[in-house]
Amino acid sequence: MDVTLTQGVLIALWAMISGLDCWLQAFFIFRPIIVCTVTGLILGDLQLGVIAGGLTELAFAGLTPAGGTQPPNTVLCGIMTVVIAATNKIAPATAIGLSLPFAMLMQYILLFFYSSFSLFLRKFDQYAAEGNAEAFKRLNFIPLTIVTLSFGIMAFLSAYAAQGPMKALVTSMPHWLTHGFELAGGILPAVGFAMLLKVMLKGQYFAYLLLGFVMASMIPFSNVLPVALVGAVFALIEFYRSRDQIKLEKQVKEVQNQSQGGGMNDGI
């Protein structure tokens, strides 16, 4: 299939919305699971969008902006994963590998913005010293507008204007190379999940990870929903157990305070 002009414009608008959210870290609609799903809906293949969103989300599970660091951009990677998979009729796992250059390009653009927007600081300091709140507020919209438009322009050029060269590139690739991209794309979700576990996994939670692995690997399921439901059950058990423990500790502390205070007031 080919991306039409209308679809290209809609993708650009969606990239502007999710890209602005990525910059502000506001509603987290910039995550690949949402970006890919909406992109698939725009292209008329919602199932492809959901599948690509799940794979890309796992690949980026352990990558998040922290301070001045900026990982490959999730928005453009999610959009281009769906676009490449839809227009070239290839598996989403293969498309993830081919979409990484677009994600890295947007990564460098955002890093450039981090540096160049420092030019506005002098004006911000000036308006703050003058107490000019309206000018201070208006100045904030300039970098936000630049970032929003850059996401839209890059998405439109990548998804619509460059679809011809992208098709030619994919079709000219030998089978061993496309198969290599497919294998790499299949490994990326595991790498992303491993990076997430490296940060979040604690000793007391390892039993849950092991149980989920056994269920997902050794019990035949048509999907991972049963494992997710079992995980939700354990999460609820842990939540209520922790809440009751905190409540009990609070009651014990109150009893101890009352007993100590009572002795002094009664003179005993």
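These legends accompany a set of close-up views of a predicted model.

**View 1. The whole chain is helical in its secondary structure elements, with 11 helices and zero strands.** Reading along the sequence gives the pattern α-α-α-α-α-α-α-α-α-α-α. The protein chain has 268 residues, and 33% of them count as buried. If you like to think in contact maps, take the contacts between residues at least 6 apart in sequence: 70% of these join residues at least 24 apart. The views that follow look at some of the helices and at a few single residues.

**View 2. Helix 1 packs against helix 2.** Helix 1 covers residues 5-24 and helix 2 covers residues 32-42; their axes come within 10 Å and cross at roughly 160°. Angles over 145 degrees count as roughly antiparallel, so helix 1 is roughly antiparallel to helix 2. The crossing in which helix 1 passes helix 2 is right-handed. On the helix 1 side, look for Gln7, Leu10, Ile11, Trp14 and Ser18; their partners on helix 2 are Ile34, Val35, Val38, Thr39 and Ile42. By residue type, this contact of helix 1 with helix 2 has seven nonpolar residues, three polar ones and no charged ones.

**View 3. Two residues with positive phi sit in the loop between helix 1 and helix 2.** Gln25 is not a glycine, yet its phi is positive, at about 55°. Gln25 belongs to the loop that runs between helix 1 and helix 2, and with a relative accessible area of 29% it is partly exposed. Phe28 is likewise not a glycine and has a positive phi of about 60°. Its place is also in the loop between helix 1 and helix 2. How exposed is Phe28? Its relative accessibility is 41%, so Phe28 counts as partly exposed.

**View 4. Thr39 of helix 2 is buried.** This threonine lies in helix 2 and has a relative accessible area of 0%. Which residues does Thr39 touch once its neighbours within four places in sequence are left aside? They are Ile11, Trp14, Ile79, Val82 and Val83. Ile11 and Trp14 belong to helix 1, where they take part in the contact with helix 2. Ile79, Val82 and Val83 fall within residues 74-88, the span of helix 4.

**View 5. Helix 2 packs against helix 3.** Helix 3 covers residues 46-59, and its axis comes within 7 Å of the axis of helix 2, with a crossing angle of roughly 160°. Helix 2 and helix 3 are therefore roughly antiparallel to each other. Here, too, the crossing is right-handed as helix 2 passes helix 3. Helix 2 brings Pro32, Ile33, Cys36, Thr37, Gly40 and Leu41 to this contact, and helix 3 answers with Leu46, Gly49, Val50, Ala52, Gly53, Gly54, Thr56 and Glu57. The residues of the contact divide into seven nonpolar, six polar and one charged.

**View 6. Helix 1 packs against helix 7.** Helix 7 covers residues 133-161; helix 1 and helix 7 pack at an angle of about 140°, with their axes 7 Å apart. Which word describes the relative direction of helix 1 and helix 7? The two helices are oblique to each other, and their crossing is right-handed. Helix 1 contributes Leu5, Gly8, Val9, Ile11, Ala12, Ala15, Met16, Gly19, Leu20, Trp23 and Leu24. They meet Leu144, Val147, Thr148, Leu149, Phe151, Gly152, Ala155, Phe156, Ala159 and Tyr160 of helix 7. The contact of helix 1 with helix 7 is made up of 17 nonpolar residues, four polar residues and no charged residues.

**View 7. Cysteines without disulfides.** How many disulfides does a search of the whole structure find? The search gives zero. Cys77 is in no disulfide, and its nearest cysteine sulfur, that of Cys36, is 7.3 Å away. Cys77 is buried, with a relative accessible area of 0%. Cys22 is buried too, with a relative accessible area of 8%.

**View 8. Thr87 and Met166 are far along the sequence, 79 residues apart.** Their C-alpha atoms are 9.2 Å apart in space. Thr87 lies in helix 4, which covers residues 74-88, and is buried, with a relative accessible area of 8%.

Definitions and conventions. Residues numbered from 1 in each chain as written. Predicted model: local features only at pLDDT ≥ 70, side-chain atom pairs only at ≥ 80, totals over all residues. Heavy atoms only, no water. Axes fitted to C-alpha atoms, helices over the stretch in contact; angles between N-to-C directions. Helix = DSSP H or I, 4+ residues; strand = E, 2+ residues; numbered from the N terminus. Parallel < 35°, antiparallel > 145°, perpendicular 65-115°, else oblique. Left-handed = near helix turned anticlockwise from the far one by under 90°. Contact = heavy atoms within 4.5 Å. Nonpolar A, V, L, I, M, F, W, Y, C, P; charged D, E, K, R; others polar. Disulfide = S-S within 2.5 Å. Buried < 20%, exposed > 50% of the residue type's maximum accessible area, 1.4 Å probe, protein only.
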